[in-house]
Amino acid sequence: MTNDDAAMPEDDLVDGHTMEELGAYLDRDRTPRDPSIEGSPACRLALSGMQRLRELSWDAMQHRAEDDPDRDSAWISGLLDTIRNEVRSGRDVPVDHPDPRLRLTMTEASVRGLVRRAGDTMGGVVMGRCTLHGDVTEPGTPIRVEVTASIAYGLAADVTADRLRARIAEVLGRHSEIVIDRIDVVFDDVHVP
Amino acid sequence: MTEEPRVHDDQELSRRLTALIRSTPGVDEVYPAQPILEAAADAVAVKLALRQPDVLVDIDRDHGSMTVTAGIAANDTRPAPDTVREVGERIRDALAQRHADGAEAREPDLITVTIRLVEGLDAS
């Protein structure tokens with residue numbers, strides 16, 4: 001559990017919207033445009049995650065629905081809960097600047113969004129939870145990144161985990177100043193691609 | 001009341017800074033400085049409800065100090081830290097110029113810029 005997890009409000013809303021409302025908005029191809037959704041970074045992170053989840057999980061759902069529809073529904077529901085919890089701003093991750101009058105940061109949610117996208121666009125995995133262990137608010141602190149994911153049936157876990165680690169390290173190296181201690185990958189589910 | 005002209009001045013300044021940020025390479029969007037959910041919990045909700053879509057940078061003046069706060073969505077066409085650094089520098093330089101021109105009594109004490117979202121080319 002991180003410090004941020006403890007601070008998160010336990011309601012079901014993302015900037016005033018339920019995940020069901022956001023799902024319905026996606027169903028309508030985000031039309032008519034809703035400023036209260038499009039103007040919210042948290043809602044847009046959630047929409048982005050939900051959109052990729054739909055694209056990634058559709059085939060998997062098709063395969064699993066015949067065998068065990070209840071388990072599949074629980075899987076998707078759990079992933080949606082994870083997305084909802086991870087889009088809240090969280091801690092401020094500093095970006096260095098020599099001028100002390102400039103306080104530059106990125107939200108923890110934006111970092112987790114990067115990690116999620118890195119995994120979901122790799123192929124072969126559906127990202128679950130992303131946790132940043134360590135004091136991300138303190139520049140230079142080594143951070144342990146822990147992710148869970150579902151791996152496509154037939155892929156070698158060690159090779160896939162190495163690919164995922166490399167992608168996460170690359171995206172965090174490009175878009176953040178987090179010092180990565182290590183990246184732990186836990187495959188907690190298997191899906192049929 | 002003497003507050004009204006200052007409010008209007010700062011609305012216009014916020015509008016200019018919002019446009020300045022939007023024109024920065026790597027910036028996709030400018031967001032209200034405070035998350036909507038958090039803002040709704042306090043009196044700022046009133047301010048937000050009245051907020052215009054092109055007036056998104058917060059300018060606070062308190063006891064002679066001046067702070068500027070903004071939130072952005074960056075895109076991944078360039079490293080997000082480079083984008084947020086340039087945004088901060090543009091705001092700082094624009095306000096320094098206003099100070100030099102006599103439009104501001106002082107330069108800002110603190111400029112806070114937060115990346116709230118990094119959108120990829122694959123993002124919908």
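Start by colouring chain A by pLDDT; this is a predicted model, and the elements of the chain span a wide range of confidence. Select helix α1 (residues 3–7) of chain A, which has the lowest mean pLDDT among the chain's elements, 40. Then jump to helix α7 (residues 157–175) of chain A, where the mean is the highest, 97. Now widen the first selection to residues 1–10 of chain A: pLDDT stays under 50 over that stretch, and the model gives these residues 9 contacts beyond four places in sequence. For the chain as a whole, the mean pLDDT is 86, with 86% of residues reaching 70 or more.

Next, switch to a cartoon view of chain A. You should be able to pick out 7 helices and 5 strands. Follow the chain along its sequence and the elements come in the order α-α-α-α-α-β-β-α-β-β-α-β. Chain A has 193 residues, and 39% of them count as buried. If you like contact maps, look away from the diagonal: among contacts with a separation of 6 or more in chain A, 63% are between residues 24 or more positions apart.

Now zoom in on the loop between α2 (19–27) and α3 (35–38) of chain A, where A:P32 is found. Show the backbone as sticks here. The peptide bond between A:T31 and A:P32 is cis, and its omega is about -15 degrees.

Stay in that loop and step back to A:D29, which also sits between α2 and α3 of chain A. Its phi is near 55 degrees, which is positive even though the residue is not a glycine. Is A:D29 buried or exposed? It is exposed, because there are 7 other C-beta atoms within 10 Å. Click on A:R30, again in the loop between α2 and α3 of chain A, and you get another positive phi in a non-glycine residue, this one near 60 degrees. A:R30 has 16 C-beta neighbours inside 10 Å, so this residue counts as partly exposed.

Then go to the other end of the chain and select A:V192, in the segment after β5 (179–191) of chain A. A:V192 is partly exposed, because 13 other C-beta atoms lie within 10 Å. Add A:Y153 to the selection and draw a distance between the two C-alpha atoms: they are separated by 5.2 Å, although the residues are 39 apart along the chain.

Time to bring chain B into view. How many residues of chain B are in contact with chain A? There are 28, and they meet 32 residues of chain A. On the chain B side, highlight α2 (36–39), α4 (80–100) and β4 (110–119), the elements that each give two or more residues to the side touching chain A. Of these, β4(B) has the largest share, with 9 residues. Colour that side of chain B by residue class and you will find 17 nonpolar, 5 polar and 6 charged residues.

For the last stop, keep β4(B) selected and add strand β2 (residues 102–107) of chain A. The two strands run parallel and are joined by 5 bridges. To see one pairing up close, label A:T105 and look across to β4(B), where B:T114 stands opposite.

How values were computed. Residues are numbered from 1 along each chain as its sequence is written. Chains are lettered from A and ligands numbered from 1 in the order in which they are written. This is a predicted model: local features need pLDDT of at least 70, side-chain atom pairs count only at pLDDT 80 or more; totals for chains, interfaces and linings use all residues. Two residues are in contact if their C-beta atoms, placed from the backbone, lie within 7 Å. Helices (H or I, at least four residues) and strands (E, at least two) are DSSP runs, numbered from the N terminus. Ala, Val, Leu, Ile, Met, Phe, Trp, Tyr, Cys and Pro count as nonpolar, Asp, Glu, Lys and Arg as charged, and the others, Gly among them, as polar. Two strands pair if DSSP finds at least two bridges between them. A residue is buried if 20 or more other C-beta atoms lie within 10 Å of its own, exposed if 12 or fewer, and partly exposed in between; C-beta atoms are placed from the backbone. pLDDT is the predictor's confidence in each residue, from 0 to 100.
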